[in-house]
Amino acid sequence: MAMARSTTTACLRLVAVATVLAALGEAAGIGFDLHHRSSPVVKRWAEARGHPAAAWWAEAQGSPEYYSALYHHDRAHIARRGLADSGKGLLTFADGNITYQLDGSIHYAEVAVGTPSATFLVALDTGSDLFWVPCDCKHCAPMDNNASTPGVALRPYSPGKSSTSKPVGCGHALCDRPNACNAVNSSCPYTVRYVSANTSSSGVLVEDVIHFSRERESVVGGEPVEAPVVLGCGQVQTGAFLDGAAVDGLLGLGIEKVSVPSVLAAAGLVVSDSFSMCFSPDGLGRINFGDAGLRGQAETPFIVSNRHPTYNISVTGMSVAGEAVAAEFTAVVDSGTSYTYLNDPAYTDLATSFNSQVREKRANLSASIPFEYCYEVTSGQTELSTPVVTLTTGGGAVFPVKEPFVIIGGQTSDGRVVVLGYCLAVLKNDITVDIIGQNFMTGLKVVFDRERSVLGWHEFDCYKNVTMENDGAAPGPTSSTQIQPRRSEYPGAAPVSPRQPGSGCSRRALGGRLAFALTLLLPLLAVV
């Protein structure tokens, strides 16, 4: 996924996903419902299928174990105006354009495939290209094929049971392993390996249809669209895919011709070869195909490698609390990686600058937390003030990092929810590829404009599906959030000992966004 300064402060308020979903309106265009792998929706899917990861969702989000699990997930894994005039609205998945981040990990969407359709809850990954689902399994994560979830058909995909399925022969233009074929008319094999150790998916390619909806004001419920795509019939999964990553398959949103955005553009189903993803602070999101964003949005060009094209951008500098931090590197913008991974010297320079600006005492909150720079909050502390982080990209556009940290929570022996502290959610990389993960995209609509070969972004309210107002002022040196511990909707987190007061003061509200549930933290960036 598969890889400025002022005194004004912004108060971030976190709203429960359930509340937001009830208030959501439908967005015009083609999109999917995105779900984080720790969300109740994915929890129901995992339980219905007898998935071994179902136990994770019984835990509460925000514990040290939660972030440790997300870290291991990432390691296994290191997604325009003028549409009305064209007669083509934005495309969404058949069930809508809402996406969900599950238990603080990556975003998921419900995707309907084949005829009759079978619905899959797939991870959305801009760091890889192929769309694959468990299929005619020889070695997949266990699932109960007879289970069902209300409102969702949980039939496993099998090409032989879909009237619109066709084999993809070794002579097909999208077969990239013809030398592995016994004959030209035999089925084309595929294997995708991911950055995480021993994590892969393999099987054969097939052609079938994905069900979309083109939302228009004149059509109630949207206009159905069937898009023929080449997908992987994933017969063998390894590594993290057997341990809960990509619960029901993975949808690659990359640049190669086999990716779903490429197929939609080649078929003329979208007016613009682009798509957008929105990431709300509390885990709700949206995805729309054909969306090239807004005129005047911030943009930076992609740096596309001929060998293995990815959504690479150039970072020419960083800023922490308005103080410049020297940097020059390229990074993959990867929705399939939970957190951000940087190599030295960028990692150390960013982390030490952030550390010098915080007020709280640095502490080891838990040995299981993968983050190096963590801070303890005082007993009774209700606000947190953290330094604002920005990236300066190629061409000079500033990419605002709305939430560069995560809040760590736990429960006392008597069941009370407490905030232990927070951590800078950036990790030192052990591979050569720098990755801007999903956490750096929080609070933004990020536009992958493949037609113009640029990445665009602007602040966006995923709930209201509207652009946030911005007066053009430079961001202040600090961002404020309230810290008000509350009981998590995920019971069962391991009890922790109450922390003693530490030093420092804050202006950020803590508590609405504690992580207490176990999830994987895998970078699902495909490797060649």
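The torsion about the S-S bond of Cys-137 and Cys-140 is about -95°, so this disulfide is left-handed. The sulfur atoms of Cys-137 and Cys-140 lie 2.1 Å apart in the model, which is a predicted one. The two partners are not equally accessible by the criteria applied: Cys-137, at 42% relative accessibility, is partly exposed, whereas Cys-140, with a relative accessible area of 16%, is buried.

The bond between Cys-137 and Cys-140 belongs to a set of six disulfides found in a search of the whole structure. When the bonded cysteines of the protein are numbered in sequence order, they pair as 1-8, 2-3, 4-6, 5-7, 9-12 and 10-11.

Another of these bonds joins Cys-175 to Cys-188, with an S to S distance of 2.1 Å. Its torsion about the S-S bond is about 90°, and the disulfide of Cys-175 and Cys-188 is therefore right-handed. Both cysteines lie in the loop between strand E8 (166–167) and strand E9 (189–194), so the pair ties together parts that are 13 residues apart in sequence. Cys-175 is buried, having a relative accessible area of 8%, and Cys-188 is likewise buried, at 0% relative accessibility.

A further disulfide is formed by Cys-278 and Cys-462, whose sulfur atoms are 1.7 Å apart. The torsion about the S-S bond of Cys-278 and Cys-462 is about -95°, so the bond is left-handed. This pair links distant parts of the chain: Cys-278 is in strand E13 (residues 274–279), while Cys-462 is in the loop between strand E29 (454–461) and strand E30 (466–467), 184 residues apart. Cys-278 has a relative accessible area of 1% and is buried; Cys-462, at 2% relative accessibility, also counts as buried.

Elsewhere in the model, four strands form an open sheet in the order E19-E20-E25-E24, with antiparallel pairing. The edges are held by strand E19 (361–362) and strand E24 (405–411); each has a single partner strand, so one side of each is left without a neighbour in the sheet. At one edge, E19 runs antiparallel to strand E20 (residues 374–376), and two bridges join these strands. Within this pairing, Lys-361 stands opposite Glu-376 in E20. Helix H6 (residues 346–357) lies across E19, E20 and strand E25 (417–424), and the helix runs at about 130° to E25.

Confidence in the prediction varies along the chain. The pLDDT of the protein averages 76, and 67% of the residues score at least 70. Among the elements of the protein, the lowest mean pLDDT, 31, belongs to helix H1 (residues 17–23), and the highest, 98, to strand E15 (residues 298–301). Over residues 79–87 the pLDDT is below 50, and this stretch has 26 contacts in the model beyond near neighbours in sequence. The pLDDT also stays under 50 over residues 484–521. For residues 484–521, the model has 197 contacts beyond four places in sequence.

Definitions and conventions:
Residues are numbered from 1 along each chain as its sequence is written. This is a predicted model: local features need pLDDT of at least 70, side-chain atom pairs count only at pLDDT 80 or more; totals for chains, interfaces and linings use all residues. Side-chain values use heavy atoms; hydrogens and water are left out. A disulfide is a pair of cysteine sulfur atoms within 2.5 Å. Buried means under 20% relative accessible area, exposed over 50%, partly exposed in between (1.4 Å probe, protein chains only). pLDDT is the predictor's confidence in each residue, from 0 to 100. Contact means heavy atoms within 4.5 Å. Two strands pair if DSSP finds at least two bridges between them. Axes are lines fitted to C-alpha atoms, for helices over the stretch in contact, and angles run from 0 to 180 degrees between N-to-C directions.
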